[in-house]
Structure formats: structure tokens, C-alpha cells
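Trainee: Please take me through one helix contact in this structure at close range, and then through what surrounds it. I am new to the structure, and I would be grateful for each term to be explained where it is used.

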Amino acid sequence: MANFIDRRLNSKNKSTVNRQRFIRRYKSQIKKSVSDAINDRGVTDVDTGENIIIPRKDLSEPVFHQGKGGIKDKVHPGNDQFSTGDRINKPKGQQSQGIGEGDASDSGEGNDDFAFSISKEEYLNLLFEDLELPNLEKNQLNKLVEYKSVRSGFCTEGVPANIDIVKSLQGSIARRIAMTSSKRKELRAAKETLAVLKNDKHDHIIEINDLITKIDLLKERIAHIPFIDTFDMKFRSFSRQAIPTSQAVMFCLMDVSGSMDQATKDIAKRFYILLYLFLTRTYKTIDVVYIRHHTQAKEVDEQEFFYSQETGGTIASSALELMAKIVDERYNTNWNIYGAQASDGDNWADDSPYCQKILNEKILPKARYFSYIEITQRAQQSLWKNYQEIEEKQAHFAMRHIKTVDDIYPVFRELFKKQLTKLHNA
Amino acid sequence: MTINKPLDDNSDWTFDKLSLYQKEIARVAEHYRLDTYANQIEVITTEQMMDAYASIGMPIGYNHWTFGKKFIQTEQTYKRGHMGLAYEIVINSNPCISYLMEENTMTMQALVIAHACYGHNSFFKGNYLFKTWTDAESIIDYQLFSKNYIAICEEKYGISDVEATLDACHALMNHGVDRYKRPQKISLDEELKRQAERERYIQSQINTLWRTIPSESEQQKQKSSSFPSEPQENILYFIEKNAPLLKPWQREIVRIVRKTSQYFYPQKQTQVMNEGWACFWHYTIINHLYDEGLVTEKFMLEFLHSHTSVIAQPSYNSDYYSGINPYALGFNMFIDIRRICEQPTEEDKQWFPTIAGSNWLDTLHFAMENFKDESFISQYLSPKLMRDFKFFHIHDDEKNDYVEIAAIHNEVGYKKIRETLSSQYNLSNLETNIQIINANIRGDRTLTLRHIPHQNIPLGDSSAEVLKHLHYLWQFNVKLVQPNDKGVDEVIAYCPIIKDLAS
């Protein structure tokens, strides 16, 4: 007696919960691995999964077991040379390492580190854990809202374009059946009587005439019931539903003047990638606008943004002006606006106060968040000082100083950490 | 013999073909008096097989990170090609559930059906250890109960606390078996009813035990000062019943782990026999089908290829050597017993006067039903088999800088080798002997455990970690002692670690 069951189709990923438990338990180690990776990896593959390595000793499950030493008696197969009483010297340096010993080791595998892969989803969750979208709480209040028409049943009034024919005709049929049923009953009865009278041996001329008149009258009445009535009309009803905008635009502003070398640009690039990844987790559609500037600003594509060389002086306000202009032209309504500016801090000294003014007046009132990172080994210059004044007043403006690639991730976390305390004070 | 039309030997399997083969195998199995639970044969994918690996073969189990770790490990080694997956997993339950991998060829499926559904299955039903220790009827229900119970606990008390409790229990899992008392069989319904009852009852008992008001007489006090009255080897049981501060749900979790450990206890002790028995029967059954003309040469060649690789035994100096292959030893012992019954030599008559020339099937069934690895080897390992395996015995004393060949496969050595090999499968020699000797219930509640080394083999270095887990459950001081040369107990580990041990 045997039953065959095909289980191939059901209960996939039975171990998922256990796997999540494992990741939960080793979060700190895995996170360290993840944050190392963001700095080491190439920029383009930042969106894939990640290999995680955990030292094996951290994973051990201790049990009482026998250690090395003592007296051990073991039987082995395949004797090809030994006789009773033979003595074999133990290898020097390794005490008590007989042939085939080591049954007490707690795992059959070597002592190398425990390596495994996590999926892109798991990777991003770990990467962005504890990070909340900047200024999210405040946004809840003046959140950009779109309206969308959704069907909400039927109603009896409306414009002809919204008539639902099937529903209306159903109503019409029902009404007609209901209103004619008694008359049709009478009609049927009259017809039957008529037939009986006609077949009778005696003549009933008067009764027959009366009946015919009655039948005609009834038929006429039935015909008078209108085929469709305003009462039958059903219209599709729509209502407007508020939905939060799921679209965002991210402005990447970067100084490409002669003072910015490729290494500095790479740092900036990583920062933008992090920001982009971060936004993809909240918004469905994200536009990215690249604006590079030296003395003049220009909107470019990604390739040009990161890789083309320019020389010349630096006027940061040109980029800010261009950003404000683009916002006005293309992203005026229904867009959540994010800005990230990267620079090595060089700016034409007279221009810095102007930058402050544009930010305060044109950009910050519309933007959800604006961050400025300064990538330099030197001391801060005029732009930093002017921006600092903004930071003191505006909750959704943040600035940090980055020295090396390793700083990016910590700085990013700091910039976007949950519940900015300043926000509450403000 | 009538000539049968052979079964389709195309290597692709279908469910129709599976049942055809299964029918024939069942018929032959019955011919050899294999008594089995009803079979439930489930076809699964590779991934599901890895799931099954991770959850120690059980179809349902509670969630814990160690299973996740095991799954990741299995997946990694499998994907890199370091390891092949088993062809089957079989669960000691009624009906007996066997998993077949979908990748197997028809021949492999037939082999697996004979091996698992009739070999292992009849072993589960017939062997005395399984009869005593496990209840095939209720295990799936119990697993379901424990999974749900632990899920509810996680919801009520948080994942972290449940996880810590499970961690602690797992560390002591090997010490959660009642070796002498026969466990009771109960069903899921009963288990649920009892569980609530138990929770209330145990807590009231604990309260009595730990009551601080000294109401008893002096004499009783004296008596209870050496609590427990006898050393307790079942540490988890002791914790479940006596740990002062454990919450009722934690006691239940201790119990669940203890029960699971008990369920697997017979499997640990019958590896050689169980696998040997299953190999013997897939070999015998398939050959029987071949003799009847039901399977083709093509089928047989593939079958023999798989069979021989399963029962291969590399020599001690081979790169592939990793101890004695239980499949090889078990299979050859059963084959050898049959040989002794059917064609005994003079030597066999001398060594096995009672079975030489007896009915082989009776003898085999008797052996399967009444032994475990240790006793099976000491009863049935024949000189011929020791010669075939070329067994030799290495004596390794830590004090010497050499190892000694204590015996080889010759007239003088047979008994010694058989004795040593048998004790190699004796669980009490392999697992550490640790018992609770005292719980100071009138004083500082220190729990004392004693380790008695087997052949002077010291404890491994993870003991301090295990004590931390024990401390988590007991929640008062825990110490581990070991008798020194003079037989006086010395503290070898202490938790929490204190600076002044002398005090």
C-alpha cells in the first residue's frame, strides 16, 4: 500500500523564515560586510545582491563534546602493512593526532569563514535600515497629493456618457415584468375563456364580443408600458481619490572645474548612487537631472556628468539658478524634489552669498530635501560658511564634509538618519 | 520460472511507472516478510530536499536561525558542487513518508523505493529501540504542535527570548534523553490538553520546592540538602522540572527540545544497522526482480553502479577515507549473516553455532528487531568480514609519543577488534558523561554538574559556552566539576565567571 504525492509544486522557500532568522541574528556582522561592500564595489553593480562573509567562530553552536587527549581506541579498515605491536611515531608538533582522528571536531567542514549570498532586496534593506526618507514626517502634512478617478458603483443620475447600458436594461426588464404581470394574467384568463366559449355547442356572441374588446384593451395597456423609463437609468459613478505622489526628481549638482579630479568625482558619484537607491525605495518614478557647472551650468546626461573633463573657474550659483529654472519649467507641480550638491568647496568668493540667497528663496521652499557634501582634504572655504548659515535655519538642508571614500556611507547615514533631531527643535 | 515481460526501463520516470515498480517491489518485500507502515511517497525538488536537510529531515519544524544557517550551508556546498544531495530522506512516521528527488532516474527511484519505503520503513517498525523510544503515530502531530506553540510564544514573548531559550536547549540537546525510562506515547490532542495542565501544575510544584519559609522538620531539611537525591543525566528534564525562575512557556520549550532529542535518539544508535538493513533489502529485492525477469540488464547496470558507490569503503590511507562507512559495514554484515546461515564454514560453525545453517530470513529478522549497532557488531561481526575489511585497531594514548597497533585481523586479534569496533558505536563512550549532582536549594542555588571522563578524554573547549546556556536556563550559579587523579572533584568551569574560585 503506497501513496504517491507530487510535492514539487507546493511549499517553495520553506526555509525562508529560518533564513531570515539567521540574518536577523547575525545582522551586525552582515551589516559590517554590507557597508564594506558599498565602498569597495564598482558603481554600476550596486543594485545587485552581495556576498557576505562571517567568521565561522561567531556562528558556532556549542555542545559538550570530547576534546583531544586521553586514550583513544579506533578500528580502521584496509590494513596493508601493520602487525600487532607495531608502533608508529606521532608527527612532531601535533600532539595526539592519530590516523583518522578528529571525530570530536564540532563541524565537518574546514575553519574558513562562512560565506553566503544575500539577495538584492535583503542587501538594500540592510543598507538602508534605520534610514527614513528625509523630512518625511513634515511631508505628511503638506504631502503632494494627486487625484485619481476611481469607479464607485452606480447612481441614478449622471451625464449620458456615463450610462451603463447593461444595468439600465436590466432595470427596464425588471420594471416591465413587474408592471405588466397582473394584466398579462388577466389577458391569459380572458383568452382561455374565449377559447372555451368558441368551442361551446351553444352560441355566446355577446360574451365573445365583450371578451374580444377586453383582450384588445389589455393588449393596448400592456403595450403602453414604456420600454425604458428614466427610473431605469443607471449611471456609472466615479469619485475622486487622493493618492500621494509617487514621483520624485533628484537633482545632482556637481562642480566640474579644474580643481575637481576624477577621484573626487568618484566619491561624489557614489554619494549620488546611494541617494538614488534610497529614493527608489520610496518612489515609483524618479527623474534624475544632472547639472554640472564651472563658471556656467549645463544640464547633461549621466556619462558626460561623471566623465567629461572641463577646466575653468567656479561659480556655484549658476548651477543653482539652472536648477531653480528647471524646477519651474518641468517639475512645478506634483513632484517631490531632492537636491544633492557636491563640490570641492572652491567657489568664487563673491558668489557664495548669492548661492545662499538662491537656495533660501527659490529652491528650499520647493524642495523636500537638499544636501551638500564637500569633498576636500583642505579647510573649508567661503561656500561652506554661507551654507552653514542656511543649515542653522532650514531643517531640510544638510551639509557634511567628506574626506575619503570610506566616509561616504557613514556620512550618508548621518545625513538621512531617522527623525532628524533638528526637525523637532525647529 | 515463468518468463515475465520486463518493466519499462526507460530512464525517465512517470507516476504510472513509479506505481508499477512500487507494486512489484511491494510484492517481493512481502515475500521476504518485511512488515512496514503504509508508505507515503512524495516527489520533491532539489530545493525542497535542501529544505528537508535543514530541518533535520522533518516535514514540519519550528523556526530557528540554526536551521537557516544549515540551509545556507547546504545550498552553498551544493551549488559549488562540493556535495551531492541524498537520493532520499525517509521519516519514521506512520504513514512512513519518503522523499524522492525529481532528478532521479527511474532506476534510482526504484532503488530508493526499495531502500527507504521497504528497508528503512520495516526497520522503523520492527527494531526494539524505535518501538520503545519513538511513536511513529504521533510524531508529525507533535512536530505540528511544537511549531505552533513556538510560533505563539514568539508572538507573545518576542522572538529574541524564544530564540535564546531555544539556543540554550539546543546546546544541551544531547543531554535531554531519558536513557532508562520508557517514554509515553501521546497524540496531539492529548498533548494540547496536557500542556495547559502541565503549565499550571509545574509552576505550583516549583513554588513548593523553592518555598523560603522553613516549615519542614530538620530531618527533611537534611534530606533535601542533597537535592537531587541521585545524579541526573537528563539535564533538560531536570531543568524543565526544577529550574526556579523559568517561565511556564520556557519549560514547555525545554520539553519540546527534549522530546525531539529523544525521538532522534534511536537513529543515532542504529546507523549501521538501519542503513545496512535498507541496503541489504534494496539489493536483495532488485536482484529478486531481475531473477524474475522483471528488470532488464540495462536497469541492473545502473542499479549496481549506484549500489556499489553507496557501499564503497575506502582504505585508511585513501584520500577519500573518513572513517568506516556505515552503509558498507551494515550491508556486508547482513550479507555475511545470510552467508553464515546458508553456507557456513567450519570457522562460522565455531563462532556462530546457533545461527550457522539456520533459516537466514528468520535470523535476519531477529537480528534487525533485537539489536542496536553496538550489540549487533559484538554479536554478528564474523572473522571473515574482519579479514575482508582488513580491520586493524590503533591504540592511542596521549602519554606516549607513538600510536600502537593493538590488534589486526588475525586469530589473536578478532575478539579485540570486534570489541573495540562495537564500543566505537557505543553512545555512552562517544558522548560526554555529564550529570547533575547537586542543586543547592537551601543556599545560593548553585547547580553542580560532574563530568566523568571516558578513558581520560578531557572535555572539548566549548564547555564554558555551554555553561552560559545552562546558566541562562537555571539563572543561578552553575559549575562543572571533574574528579582529579585522587578522585576528588575539582571545578573545571564556572558560570558566571568569578575571580576568586577558592572562596
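**The contact of H2(B) with H3(B)**

Mentor: On the side of H2(B), the contact is made by B:Met50, B:Asp51, B:Tyr53 and B:Ala54, which meet B:Phe67, B:Lys70, B:Phe71, B:Thr74, B:Glu75 and B:Tyr78 in H3(B). Two residues are in contact if their C-beta atoms, placed from the backbone, lie within 7 Å. By class, this contact has six nonpolar, one polar and three charged residues; Ala, Val, Leu, Ile, Met, Phe, Trp, Tyr, Cys and Pro count as nonpolar, Asp, Glu, Lys and Arg as charged, and the others, Gly among them, as polar.

The model is predicted: local features need pLDDT of at least 70, side-chain atom pairs count only at pLDDT 80 or more, and totals for chains, interfaces and linings use all residues. Residues are numbered from 1 along each chain as its sequence is written, while chains are lettered from A and ligands numbered from 1 in the order in which they are written. Helices (H or I, at least four residues) and strands (E, at least two) are DSSP runs, numbered from the N terminus.

Two packed helices are described by the angle between their axes and the distance between the axes. Helix H2 of chain B spans residues 46-54 and helix H3 of chain B residues 65-79; their axes come within 8 Å and cross at roughly 135°. That angle makes H2(B) oblique to H3(B). Angles under 35 degrees count as roughly parallel, over 145 as roughly antiparallel, 65 to 115 as roughly perpendicular and the rest as oblique. Axes are lines fitted to C-alpha atoms, for helices over the stretch in contact, and angles run from 0 to 180 degrees between N-to-C directions. The crossing of H2(B) and H3(B) is right-handed: the near helix is turned clockwise from the far one by less than a right angle, whereas anticlockwise would be left-handed.

Within H2(B) lies B:Gln48. With 22 C-beta neighbours inside 10 Å, B:Gln48 counts as buried; the term requires 20 or more other C-beta atoms within 10 Å, while 12 or fewer is exposed and anything in between partly exposed. B:Gln48 is 51 residues from B:Tyr99 in sequence, and their C-alpha atoms are 9.4 Å apart in space.

H3(B) also meets a helix of the other chain. The axes of helix H1 of chain A (residues 16-25) and H3(B) come within 7 Å and cross at roughly 105°. H1(A) is therefore roughly perpendicular to H3(B). From H1(A) the contact takes A:Asn18, A:Arg19, A:Arg21, A:Phe22 and A:Arg25, and from H3(B) it takes B:Trp65, B:Phe67, B:Gly68, B:Lys69, B:Phe71 and B:Ile72. These residues divide into five nonpolar, two polar and four charged. B:Phe67 and B:Phe71 thus appear in this list and also in the contact with H2(B).

The two chains meet well beyond these helices: 78 residues of chain B are in contact with 53 residues of chain A. H3(B) gives the largest share of the side of chain B that touches chain A, eight residues. By class, that side has 36 nonpolar, 29 polar and 13 charged residues.

Strands also link the chains. An open sheet of four strands has the order S1(A)-S1(B)-S3(B)-S2(B), with mixed pairing. Strand S1 of chain A (2-6) and strand S2 of chain B (88-91) stand at the edges with a single partner strand each, so one side of each has no neighbour in the sheet. From one strand to the next, the twist averages 20°. S1(A) pairs in the parallel sense with strand S1 of chain B (residues 39-44) over five bridges; two strands pair if DSSP finds at least two bridges between them. A:Phe4 stands opposite B:Ile41 in S1(B). Helix H4 of chain B (residues 106-126) packs on the sheet, touching S1 of chain A together with S1, S2 and strand S3 (96-101) of chain B, and its direction makes about 160° with that of S3(B).

A further pairing between the chains joins strand S4 of chain A (residues 87-89) to strand S5 of chain B (residues 402-408), antiparallel, by three bridges. There A:Ile88 stands opposite B:Val403. S5(B) is also joined by five bridges to strand S4 of chain B (residues 392-397), again antiparallel, and the two form a hairpin with four residues between them. In this hairpin pairing, B:Ala407 is the bridge partner of B:His393.
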